[in-house]
Amino acid sequence: MRLLIVGTLKGQLTTATKIAMANGATVTHAEDNEQAMRVLRGGKGADLLLVDVALDIRDLVMRLEAEHIHAPIVACGITNDARAAVAAIHAGAKEYIPLPPDPELIAAVLAAVANDSRELVYRDEAMAKVIKLAQQIAGSDASVMITGESGTGKEVLARYVHTRSARAKRPFISINCAAIPEHLLESELFGHEKGAFTGAIARRIGKFEEATGGTLLLDEISEMDVRLQSKLLRAIQERVIDRVGGTKPVPVDIRIIATSNRNLVDAVREGTFREDLLFRLNVVNLKIPPLRERPADILELAQHFVKKYAEANGVPMRPISAEARRVLSTNRWQGNVRELENTMHRSVLMAQGDEIGADAILTPDGDRLDLAKTVPAVAHATMAAEQVTRALVGRTVADVERDLILETLKHCLGNRTHAANILGISIRTLRNKLNEYSDGGIPITPAGTPGEYPRMPMVGA
């Protein structure tokens, strides 16, 4: 966890620093927005900015956006003034904390940003084999490929490997290759020099240099452009990188962990992924089974999430009834652990009485999970499918494809990665299609915000 404290409230911020460090954070200081930007460009990076409310927070937010630096801001001030809190949040801060800081509140904010609650919970033998292999190779510097369906916990396992390595006290830097536009990904990875391209107003250190001494996680690496893959291969082989617009190679010392929810052997066969890069990354493959193939993990994880969300929502922790356990055990969990977590969060909120019963195990739209797939529901779906099929007659393939893509994206609430997985296409193909539709004046469901910084309860309002 890397914390950047911005401001000149020396005494109060010193207290915040001590609290943060006591909770395992690495703390850096900057006196103003300009110095903060120099720190962030210089490669120290930050997972959270704690900013004096007296500074121009809107200006800082705009600077971060202009240089594509992503880090949540929490404002702080020596007053418990609700208007100051509201003004800070309107300016772009995620939360406001009055000073002197409450130790428990600081700890809660750090935990929310670091997402320390993502524990590796398992009981099934299939998962135990994966964890055993992870423990065996964690102490080495070998590159690791973690594969598995969306929602199985690939990033959680990557962090597990890092925390048990010799690099555990050094940075763990993650970058989602599918979430960053192709023309920006090279700069995000390798950094750039001032003037390298339009908008490069200063030298920027990339993720490779930020992660020096530690671990770099390349999430969803299968979505990286082939041209950029060749530069990545050189960086891994030679342990040097070239900043965009740079003239001198820069040495780096990192361990690479990559993840993918696609079959990379098929991607190599299709020409969308370099075979030599796959060999270089795939020294060890940790393949996480889908949750439906780990039956003993389902109830173990369900109980874990019940405890987690009961505490988070301030409600009693109820046991899971026998009928509810049956419902959970027999579901297919296409969304894997992520889907199970969301389901148990709902169950904690909806449960009544002394237990979490089957009536509280619901789908997102409020139907009972077990009843949502009964024969009447299947019959209804079949009738609907027949109606859709009849409606296709007389339409072009391009029109049908467009409607399918747009409706799937709408169903996924704008989540491009989820929609691409459902459609069976790459995220790049999906983006190209959406750009084509947008150029034609067709409205596109805006992208969602997965991984957004969790809001903490408002203080002082």
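Me: Hi! Which residues are linked in a network of salt bridges here?
Reply: Glu323, Arg326, Asp359, Arg368 and Asp370 are linked in one. A salt bridge here is a side-chain nitrogen of Lys or Arg within 4 Å of a carboxyl oxygen of Asp or Glu.

Me: Where do these coordinates come from, and what is counted?
Reply: This is a predicted model, where local features need pLDDT of at least 70 and side-chain atom pairs count only at pLDDT 80 or more, while totals for chains, interfaces and linings use all residues. Residues are numbered from 1 along each chain as its sequence is written, and side-chain values use heavy atoms, with hydrogens and water left out.

Me: Cool. How many salt bridges does the structure hold?
Reply: The structure holds 30 salt bridges. Side chains of opposite charge can pair when their charged atoms come close.

Me: Let's zoom in on helix H7. What does Glu155 form a salt bridge with?
Reply: Its partner is Arg159, with the closest N and O atoms 3.2 Å apart. The two are four residues apart in H7, which means about one helical turn separates them. Helices are DSSP runs of H or I with at least four residues, strands are E runs of at least two, and both are numbered from the N terminus.

Me: Is that pair buried or exposed?
Reply: Neither: Glu155 is partly exposed at 22% relative accessibility, and Arg159 is partly exposed at 30%. Buried means under 20% relative accessible area, exposed over 50%, and partly exposed in between (1.4 Å probe, protein chains only).

Me: And which residues of H7 are buried?
Reply: Lys154, Val156, Leu157, Ala158, Tyr160, Val161 and His162 are. Seven of the 10 residues of H7 are buried, so the helix is largely enclosed by the rest of the structure.

Me: What do those buried residues pack against?
Reply: They pack against helix H6 (125-137) and five strands' worth of residue ranges: S6 (144-147), S7 (172-176), S8 (215-219), S11 (255-260) and S12 (284-287). Contact means heavy atoms within 4.5 Å.

Me: A lysine on that list caught my eye. What is the nearest side chain of opposite charge to Lys154?
Reply: That is Glu220, 4.2 Å away, and Lys154 is buried yet has no salt bridge. For charge, Lys and Arg count as positive and Asp and Glu as negative, while His and the chain ends are not counted.

Me: So which backbone oxygen lies 3.2 Å from a polar atom of the Lys154 side chain?
Reply: The backbone oxygen of Gly148 does. Leaving aside neighbours within four places in sequence, Lys154 is in contact with residues including Ile146, Thr147, Glu149, Thr259 and Ile288.

Me: Back to pairs. What does Glu188 form a salt bridge with?
Reply: With Arg204, the closest N and O atoms being 3.6 Å apart. Glu188 lies in helix H8 (residues 182-190) and Arg204 in the loop between H8 and helix H9 (207-210), so the pair ties together parts that are 16 residues apart in sequence. Glu188 is buried at 7% relative accessibility, and Arg204 is buried at 5%.

Me: What about Arg203, which side chain does it meet in a salt bridge?
Reply: Arg203 meets Glu193, at 3.0 Å from N to O. Both lie in the loop between H8 and H9, so the pair ties together parts that are 10 residues apart in sequence. Arg203 is partly exposed at 43% relative accessibility, whereas Glu193 is buried at 17%.

Me: Switching to backbone geometry: which residue has a positive phi of about 50°?
Reply: Trp333 does, although it is not a glycine. Most residues other than glycine have a negative phi. Trp333 lies in the loop between helix H14 (322-330) and helix H15 (336-350), and it is buried with a relative accessible area of 0%.

Me: And what is phi of Arg239 near?
Reply: Phi of Arg239 is near 60°. Arg239 sits in the loop between helix H10 (226-238) and strand S9 (240-241) and is partly exposed at 28% relative accessibility.

Me: Last one, the overall picture. How many helices and strands are there?
Reply: The protein has 19 helices and 12 strands. Of its 461 residues, 45% count as buried. Among contacts between residues at least 6 apart in sequence, 70% join residues at least 24 apart.

Conventions: A polar contact is a pair of N or O atoms within 3.5 Å; within protein, one must be able to donate a hydrogen and the other to accept it, and residues adjacent in sequence count only if both atoms are side-chain atoms.
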